[in-house]
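Let's walk through this one together, a question at a time. Keep the viewer open and follow along.

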Amino acid sequence: MMSLSQNNTLPIPGDESNAQSLSKQTTCCALLTGAGRSAIAVIGLWGERADACVTHFFRCNRSRAMDVGQVRYGVWAGGSADAASPADCSSTEPATTAAESIVVVPTAPQRYELHCHGGEAAIARILDDLSSIGVRRVAPHPLDGVPSTGRLPVKDAVDQRLIDEAGVVLSQCTTVKTAAIALDQVRGALCQWRQRSIQVLGEDPRRAAEIAAQAQQIAAAGRIGHRLTRPFDVVLAGPPNVGKSSLINAMVGYDRSIIMDFAGTTRDVLDAETVFDGWPLRLRDTAGLHRSDDTIEKQGIDRAMDAIATADLVAQVTEPGLQWDHKVLDALGRINASVPIVRVINKSDLSPVESADAPAESPAESPADALATVATTGTGIGNLLQTVVQMLVDDLPPLGRPVPINPRQWDWVTEIAKLGEQPEQMIACLRRGGC
Ligand SMILES: Nc1nc2c(ncn2[C@@H]2O[C@H](COP(=O)(O)OP(=O)(O)OP(=O)(O)O)[C@@H](O)[C@H]2O)c(=O)[nH]1
Ligand SMILES: [Mg+2]
């Protein structure tokens with residue numbers, strides 16, 4: 001890990017005051033998001049020629065100045081084969097290879113975040129293009145690539161640890177939304193809150209309740225923050241043949257699960273990963289839940305129950321007119337009452353009478369909050385995904401706020417939230433930083 005420089009601040013890449021920093025002449029790039037396939041990747045670009053590199057490769061869809069903090073959409077018009085000579089990134093010749101859609105965010109003078117498609121080809125192309133004009137690609141150390149607007153005030157080893165831990169998480173994030181939260185903590189959001197709180201309490205211990213309330217809010221964000229590197233587990237559960245597998249396929253956009261026109265097709269838990277609205281999701285297809293004497297089917301149902309027990313959210317799927325088996329519902333209720341549930345009525349293109357499995361004696365009423373979908377045509381799928389994500393991340397604070405990014409930090413902030421009436425213990429806890 002990086003050491004502190006003499007004046008107790010974090011060294012920033014390209015900063016000549018740091019003995020180990022890159023030379024002033026060097027322009028660098030680094031992949032800030034984790035390795036592997038993801039929806040979006042973020043590449044950091046910083047150094048003396050960063051502006052010129054962006055001018056050379058980026059074609060903005062509007063002719064506006066690249067102001068710091070403003071998001072700019074456009075295309076990456078590079079292509080290693082066409083790039084100008086290494087010394088000449090100010091060439092006025094436009095690069096000619098097929099364009100790649102990207103978002104460019106100037107984060108400080110001569111510092112950029114380039115948000116591109118998360119596929120390996122798109123990432124490699126941009127990094128190769130930058131290398132071809134002499135930009136140095138640095139190892140994806142979590143802190144090396146972080147464009148920063150200034151020095152991060154690191155007061156002590158506890159701050160250092162909070163930032164280092166966020167850096168490790170940042171390097172493993174696979175989407176822009178998760179990376180943005182980790183990046184805020186690398187830039188010091190949580191340790192600045194810690195420092196401020198210690199100062200406030202030192203000046204006036206009566207403000208402990210106020211700090212505890214803040215800690216409570218921060219701890220609430222820890223539910224998402226402590227798991228930024230893992231996708232949310234969304235389990236689709238329901239009776240056989242209601243279209244659970246069809247829904248999974250429609251949600252991920254390719255045929256992950258086998259679909260058949262008879263009950264009991266899915267016998268195990270099958271996973272498919274996707275990203276929606278910047279959030280990584282692991283969609284889990286399960287065996288149809290019902291009372292069964294078939295040994296293999298029973299095992300599939302047991303595994304489905306296990307998946308439900310550990311889910312972040314359960315999509316409870318049924319079809320028009322089909323009553324849930326109450327014993328199965330009771331079992332679901334006993335497993336984990338705290339798991340949020342989205343109710344889905346699939347096959348909503350069919351009227352209840354057309355639904356082959358509907359028991360005539362017990363027509364089911366659709367719950368008012370149920371979402372209607374037609375997996376075979378895609379109707380309602382966007383709405384379903386949007387609802388799922390909203391339920392999963394609804395209590396997330398705005399960007400820039402402190403968020404604990406691992407279980408250790410989460411426990412620490414939760415502990416502080418309980419000390420509203422004990423200012424001395426609160427200061428001690430803040431100072432320890434959970435260490
Ligand atoms: N009309 C209509 N048919 C659908 C819809 N969704 C799925 N189906 C059909 O319903 C049948 C069962 O679909 P599956 O996706 O295999 O259902 P399942 O819930 O995974 O079934 P099991 O794995 O056996 O529990 C297939 O023939 C699908 O084509 C829908 O929205 N409308
Ligand atoms: Mg199935």
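Q: Is Trp-412 buried or exposed?
A: Keep in mind that this is a predicted model. Trp-412 has a relative accessibility of 2%. Anything under 20% relative accessible area falls in the lowest class, so Trp-412 counts as buried.

Q: Which residues are buried in helix α1?
A: Start by finding helix α1, which covers residues 50–57. Now look for the side chains tucked away from the surface probe, under the 20% cut-off. The buried ones are Ala-50, Cys-53, Val-54, His-56 and Phe-57.

Q: Why do the buried residues of α1 line one face of the helix?
A: Try looking straight down the axis of α1. The buried residues line one face because, from that view, they fall within an arc of 160 degrees.

Q: How many aromatic pairs does a search of the whole structure find?
A: To count as a pair, two ring centres must lie within 6.5 Å. Searching the whole structure that way gives a total of three.

Q: What kind of aromatic pair do Phe-57 and Trp-76 form?
A: Their rings sit 4.7 Å apart, centre to centre, with 25 degrees between the planes. The pair links distant parts of the chain, with Phe-57 in helix α1 and Trp-76 in strand β4 (residues 72–76), 19 residues apart. Both Phe-57 and Trp-76 are buried. Planes under 30 degrees apart have their own label, so this pair is stacked.

Q: How many residues apart are Trp-193 and Trp-412?
A: These two form an edge-to-face aromatic pair, 6.5 Å centre to centre and with 70 degrees between the planes. Trp-193 is buried too, with a relative accessible area of 3%. Trp-193 belongs to helix α5 (residues 189–203) and Trp-412 to helix α11 (residues 407–417), so the pair links distant parts of the chain. In sequence, they are 219 residues apart.

Q: Are α5 and α6 roughly parallel or antiparallel to each other?
A: The axes of α5 and helix α6 (residues 208–225) come within 10 Å and cross at roughly 165 degrees. The crossing is left-handed. Angles over 145 degrees get a particular name, and α5 and α6 are therefore roughly antiparallel.

Q: Which residue's side chain makes a polar contact with the side chain of Ser-245?
A: You'll find Ser-245 in helix α7 (residues 244–252). With a relative accessible area of 9%, Ser-245 is buried. At 2.6 Å, the partner for its side chain is that of Asp-285.

Definitions and conventions: Residues are numbered from 1 along each chain as its sequence is written. Chains are lettered from A and ligands numbered from 1 in the order in which they are written. This is a predicted model: local features need pLDDT of at least 70, side-chain atom pairs count only at pLDDT 80 or more; totals for chains, interfaces and linings use all residues. Side-chain values use heavy atoms; hydrogens and water are left out. Helices (H or I, at least four residues) and strands (E, at least two) are DSSP runs, numbered from the N terminus. Buried means under 20% relative accessible area, exposed over 50%, partly exposed in between (1.4 Å probe, protein chains only). A polar contact is a pair of N or O atoms within 3.5 Å; within protein, one must be able to donate a hydrogen and the other to accept it, and residues adjacent in sequence count only if both atoms are side-chain atoms. The arc is that of the directions from the helix axis to the C-beta atoms. Rings of Phe, Tyr and Trp (its six-membered ring) pair if their centres lie within 6.5 Å; planes under 30 degrees apart count as stacked, over 60 as edge-to-face and the rest as tilted. Axes are lines fitted to C-alpha atoms, for helices over the stretch in contact, and angles run from 0 to 180 degrees between N-to-C directions. Angles under 35 degrees count as roughly parallel, over 145 as roughly antiparallel, 65 to 115 as roughly perpendicular and the rest as oblique. A crossing is left-handed if the near helix is turned anticlockwise from the far one by less than a right angle, and right-handed if clockwise.
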